[in-house]
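Hi everyone, thanks for coming. Today I'd like to walk you through one protein chain, step by step, so please have a look at the picture first.

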Amino acid sequence: MRLPRSIHGRMLALSAVTTLVALPVAGFAIGGVLEHFVTRNIDERLSDKLRLAGAVVRPDGTIDQALLDRASVERAFAADTAWRIDAPAGTIGSGTLPGDIVRRDSDRIAPAERGRRHPPLPGRDDPGMQPFEAELVDGTRAHGLTDTIATTAGPVRVAVAVPRWQIDAPLRLAMLPLIATLMIVAIVLATATLVQLRYGLRPLRLLRDRVAAIRQGAAEGVPENQPDELRPLAIELNALIRDNAAALATARGSAANLAHALKTPVATLALDLHGDPRGAQVARIDATIRHHLARARDGMVDRRGATPLCPAIEGLIVAVEALHRGSAVTIEATVPDLIVAVDAADLDELAGNLIDNAARHARSIVRVSAARDGAMAALTVTDDGPGIPAADRARATDPGIRLDERGDGHGFGLTIVRDLATLYGGALTLGEAPGGGLAATVTLPLVSRA
């Protein structure tokens with residue numbers, strides 16, 4: 001048997017198997033107890049009748065015909081009760097009880113044992129009474145008692161019996177409500193199991209949701225006030241989160257230090273080679289360094305970041321306008337209050353590249369807008385510049401393609417934007433703006449507040 005993969009399914013299957021085994025066992029056990037009590041009640045009635053039948057036997061082994069003629073035995077035995085007395089002088093009875101019932105022990109009674117009764121049967125009031133199951137002459141199954149009376153002439157066997165249905169009928173009547181009760185118990189157990197599993201596994205579901213919230217940037221850790229079985233796991237998860245955050249901070253710091261270390265020598269070379277044709281090569285080195293530093297951050301991106309989009313865009317617009325001071329380009333922004341699951345520094349570089357590229361190529365206006373698209377935010381930057389031909393848009397974001405050699409813009413900056421967007425589960429799409437120009441749309445995940 002293959003167990004289900006889920007804990008819920010395994011516990012449910014185990015409970016179902018246990019219930020299916022336990023309830024039939026309980027039914028058979030209760031049925032056996034009921035049969036014992038019904039049979040004992042019948043035996044008590046038969047023992048009275050057996051003593052009455054034995055009362056007509058004299059000590060010499062003969063039958064007291066006068067006592068028998070008073071019909072006390074006949075009155076005591078109803079029509080459904082069979083009886084038989086086997087004495088040395090003859091046999092009397094109802095005629096339906098076969099003789100082998102009362103004769104079956106005759107060969108084992110030694111002459112020395114005559115005059116005393118057989119050993120007592122455990123639980124019986126009369127030590128000589130023994131139960132038996134038999135088939136009457138008319139084919140009816142019967143249950144009865146037999147006794148041996150010691151006389152001077154030899155043992156006298158007395159037996160009384162009733163049809164077996166007197167035991168079976170009450171049992172059937174009792175078993176019907178018993179089965180119904182067991183079915184109700186099964187339903188109650190199944191309901192209790194479902195409720196127990198729902199509430200028992202609830203901490204696991206909450207822990208799963210909390211871990212998902214951490215991954216989406218909506219939480220910084222998991223609560224440690226968990227049940228005893230889950231508390232060590234929560235503590236280890238929080239320790240793992242802290243270690244990852246520390247490793248990420250170290251890696252980001254190393255990348256920043258490398259960027260600062262390379263920035264000054266490259267800037268110095270650019271100043272020394274001002275006006276020299278080799279200055280273009282220095283610019284290419286600078287762009288290449290920036291590109292590969294961005295690629296190096298693939299393993300350092302903080303996907304648990306949470307940055308308000310509107311303030312970040314407003315700050316970038318101020319910076320870009322200052323950078324392009326003196327140009328006739330106007331930057332307009334329509335950005336709602338959205339929070340994206342992106343690190344603030346990565347968002348500045350991503351959106352800053354888009355806005356700066358648009359400002360460098362626009363004739364008069366750059367528009368920045370954002371909108372909610374399901375669980376993502378769509379940030380769109382459009383300009384009224386020459387745009388990028390449709391045939392070149394797919395190549396514009398490929399790393400290693402030297403589009404920057406064609407002139408200003410649309411070089412490694414778009415590649416960095418694409419890489420950062422992909423790292424956070426988004427995408428960069430280049431299209432044509434209404435009225436001409438480039439429309440660059442980047443999708444970024446929104447923070448899910450659990």
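I'll start with the whole chain, then turn to a sheet, the cores and some charged pairs.

First, please keep in mind that this is a predicted model. The protein chain has 450 residues, and 40% of them count as buried. Along the chain you can find 12 helices and 12 strands. The chain exposes about 25300 Å², with carbon and sulfur atoms supplying 58% of that area. If we take the contacts with a separation of 6 or more, 64% of them are between residues 24 or more positions apart.

Now let's look at the sheet. Strands of a sheet pair through backbone hydrogen bonds, either parallel or antiparallel. Here we have an open sheet of five strands, in the order 2-1-5-4-3, and the pairing is antiparallel. Which strands stand at the edges? They are strand 2 (90–93) and strand 3 (130–135); each has a single partner strand, so one side of each is left without a neighbour in the sheet. On average, neighbouring strands of this sheet are turned by 20 degrees against each other, direction ignored. Helix 1, residues 7–54, packs on the sheet and touches strand 1, strand 4 (141–151) and strand 5. The direction of helix 1 makes about 40 degrees with that of strand 4. To see one pairing in detail, take strand 1 (residues 82–87) and strand 5 (residues 154–163), which are joined in the antiparallel sense over five bridges. One residue to point at is R84, whose bridge partner in strand 5 is A159.

Next, the nonpolar cores. In soluble globular proteins, nonpolar side chains tend to be buried together. The largest nonpolar core in this model has 43 residues, and among those with the most contacts inside it are I313, L354, V368 and V442. Several elements give two or more residues to this core, including helix 9 (309–323), helix 10 (344–361) and strand 12 (438–445). Let's stop at L354 for a moment: leaving aside neighbours within four places in sequence, L354 is in contact with V381, L414, V417, L428, A440 and V442. There is also a second, separate core of 22 residues, which includes I42, L68, I149 and V162.

Not every buried residue is nonpolar, though, and N238 is a good one to look up. N238 lies in helix 7, residues 231–272. Is N238 buried or exposed? With 8% relative accessibility, N238 counts as buried. Apart from neighbours within four places in sequence, N238 touches G221, V222 and E224.

Last topic: charges. Side chains of opposite charge can pair when their charged atoms come close. The count for this model comes to 10 salt bridges. One of them joins R51 and D48 at 3.4 Å, N to O. Both residues lie in helix 1, three residues apart, about one turn of the helix. Another salt bridge joins E133 and R164 at 3.0 Å, N to O. E133 lies in strand 3 and R164 in the loop between strand 5 and helix 5 (165–200), so this pair ties together parts that are 31 residues apart in sequence. E133 is partly exposed at 41% relative accessibility, whereas R164 is buried at 15%. Finally, salt bridges that share partners join E35, E133, R164 and D168 into one network.

Thanks for listening, and please ask away!

Conventions:
Residues are numbered from 1 along each chain as its sequence is written. This is a predicted model: local features need pLDDT of at least 70, side-chain atom pairs count only at pLDDT 80 or more; totals for chains, interfaces and linings use all residues. Side-chain values use heavy atoms; hydrogens and water are left out. Helices (H or I, at least four residues) and strands (E, at least two) are DSSP runs, numbered from the N terminus. Buried means under 20% relative accessible area, exposed over 50%, partly exposed in between (1.4 Å probe, protein chains only). Contact means heavy atoms within 4.5 Å. Accessible areas come from the Shrake-Rupley method with a 1.4 Å probe; for residues, only the protein chains shown count as cover. Two strands pair if DSSP finds at least two bridges between them. Axes are lines fitted to C-alpha atoms, for helices over the stretch in contact, and angles run from 0 to 180 degrees between N-to-C directions. A nonpolar core is a set of buried Ala, Val, Leu, Ile, Met, Phe, Trp, Tyr and Cys residues joined through side-chain atoms within 4.5 Å. A salt bridge is a side-chain nitrogen of Lys or Arg within 4 Å of a carboxyl oxygen of Asp or Glu.
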